[in-house]
Amino acid sequence: MSAVETGPSPTVRADIPRKDMAVIWVLLIAAFVAILNETTMGMAIPHLITDLQITPIAAQWVTSAFMLTMAVVIPTTGFLLRRFTTRQMFLAALTLFSAGTLLAIFAMGFPMLLGARIVQASGTAIMMPLLMTTVMNLVPPASRGRIMGRVSVVISLAPALGPTMSGFLLDHFGWRAIFVVVLPIALIAMFIGWRWLTDVGETTHAPIDVLSIVLSAFGFGGLVYGLTQIGGLASGANPVPMVLSLVIGVVGLALFLWRQVVLQRKDDALLDLRIFLSKDFSLAMVQMFLLSMAFFGSITIIPLFLQDGLQLDATSAGLVVLPGALAMGLLGPVIGRIYDSRGTRVLLIPGAFLASAMLWVFSTLDTNSSVWLVLVAQTLLSIGLALSFTPLFTAALGSLKPKFYSYGSAVIGTVQQVSGAAGIAVMMTVFTAIVAAGGGTEVPGAVAAGTRAAVLIGAIIATVTIIGAFLIRKPVDDTDEAPAHAGH
């Protein structure tokens, strides 16, 4: 498709059949539950250390293993969504997620809980690419921004509510209650999907390339694991496992990419790289990678500053960042409508300026900074990112041919996982090193200095995205292209 910036268009809204919207709503609810669960266990780590009598490093694997599994599974979803039907993938995702949740409820020890989280993550990894691919297949181009805005609620709001929900449950009922609350919602969504979900698009009978799956696991898994280990260098950890993991990741990724180039000649690739022939898709992925690095790194550092730099308790720190998370999620549908009628630049340019400006504000924080300054800046940062993410993945997928939607969705999920891990790794390493040099987290001034240095990196990265905001265009609305409606 050619890509030009479209101007105001009073007649862009296209009706979506009720049965198609029903499919999308089922997927939205299921994805919300799965993504909500992704961030619930971070708050539970101190409880797990006590209840299961494990070390902090072991407990951290409850979240690290989840992220690693996501990084390994997501790249395979592009192929799987073309190989199997919508119903098959949906039921597989919810079955895995529900089984993992049930295992976690009755976990007799740490190994069983860790296994449960891996099973959960396998289902979660399928949900977002499935949702995005289905939206692209069902929704006419003129209405994609509006519906993708609802997808951004799942991406933004669900992870933000996870720690808040888990904090309440941990204070009153214990860590198993997190899974007890999630399980019935997942089972209800699975029943609704089993009963009413219809298949979307066409499937292929291409064979699954086992070598690609193995190389993907070593490539993406090695990179993400290596990145998560960088933070330990500041506290004197052995660098050999990190270096070895990154080397395995780079070599595995290079071999994986070579294998895909060979296989895509006969349309058998696990992840078809021809999607990067679209300039708009490639530019959007670079923009998303940089923004995600800055965003995920910053939202990891700021709560630490609030607790150890400004001496707030965990509940108060959570409340400070909550308005931004709510704004980011709830603005999604509004931003989607603006995208449909006005294109990308009216959103991306102010979004990039706003996000980078607020990160520069964060780079000036000290122990005398007002909590209200942090709250306002965090909220404006979230709004800036909301202005960016919805048009980015809508324009990116819209620039592809329908046969490549599933691969594009898989790449978006992979970019978020890898860039998030990279942003957290780099900024946490700088933060930890400076805090340690200043006397540790017991010294508020050292925490503030570490925060300034770490967030400065995010501010510089975000500033680069201002250039990209001027380059990415909205694909032309192809009114002759009928969406692939759900079939029975």
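**Helix packing, a greasy patch and a salt bridge**

Leu-244 sits in helix H9. That's a handy place to start, since Leu-244 is one of the residues in a nonpolar surface patch. Keep in mind that this is a predicted model. Below: the patch, then the salt bridges, then how some of the helices pack.

**The nonpolar patch**

- Val-210, Leu-211, Val-214, Phe-218, Leu-244 and Ile-248 together make a nonpolar patch on the surface, and it covers about 530 Å².
- Two helices, H8 (210–229) and H9 (240–263), each put in at least two of the patch residues.
- H8 is the top contributor here, giving four residues to the patch.

**Salt bridges**

- Searching the whole structure turns up two salt bridges.
- In a salt bridge between Asp-209 and Arg-259, the side chains meet with an N to O distance of 2.7 Å.
- Asp-209 is in the loop between helix H7 (176–196) and H8, while Arg-259 belongs to helix H9, so this pair ties together parts that lie 50 residues apart in sequence.
- As background, oppositely charged side chains can pair when their charged atoms come close.

**H16 and its partners**

- Helix H10 (residues 279–309) packs with helix H16 (residues 444–471) at an angle of about 160°, and their axes are 9 Å apart.
- That angle makes H10 roughly antiparallel to H16, because anything over 145 degrees counts that way.
- Sorted by class, the H10 contact with H16 has 19 nonpolar residues, seven polar ones and two charged ones.
- H10 and H16 cross in a left-handed way.
- H16 also meets helix H13 (residues 345–362): the axes of H13 and H16 come within 8 Å and cross at roughly 165°.
- So H13, too, ends up roughly antiparallel to H16.
- The crossing of H13 with H16 is left-handed.

**H8 and H15**

- H8, which you met in the patch, packs with helix H15 (residues 405–437) at an angle of about 25°, with 8 Å between their axes.
- H8 and H15 therefore run roughly parallel to each other, since the cut-off for that label is an angle under 35 degrees.
- The H8 and H15 crossing is left-handed.

Technical notes: Residues are numbered from 1 along each chain as its sequence is written. This is a predicted model: local features need pLDDT of at least 70, side-chain atom pairs count only at pLDDT 80 or more; totals for chains, interfaces and linings use all residues. Side-chain values use heavy atoms; hydrogens and water are left out. Axes are lines fitted to C-alpha atoms, for helices over the stretch in contact, and angles run from 0 to 180 degrees between N-to-C directions. Angles under 35 degrees count as roughly parallel, over 145 as roughly antiparallel, 65 to 115 as roughly perpendicular and the rest as oblique. A crossing is left-handed if the near helix is turned anticlockwise from the far one by less than a right angle, and right-handed if clockwise. Ala, Val, Leu, Ile, Met, Phe, Trp, Tyr, Cys and Pro count as nonpolar, Asp, Glu, Lys and Arg as charged, and the others, Gly among them, as polar. Patches are made of residues with over 30% relative accessible area and no salt bridge: like charges are joined within 9 Å, nonpolar side chains (Val, Leu, Ile, Met, Phe, Trp, Tyr) within 5 Å. Accessible areas come from the Shrake-Rupley method with a 1.4 Å probe; for residues, only the protein chains shown count as cover. A salt bridge is a side-chain nitrogen of Lys or Arg within 4 Å of a carboxyl oxygen of Asp or Glu.
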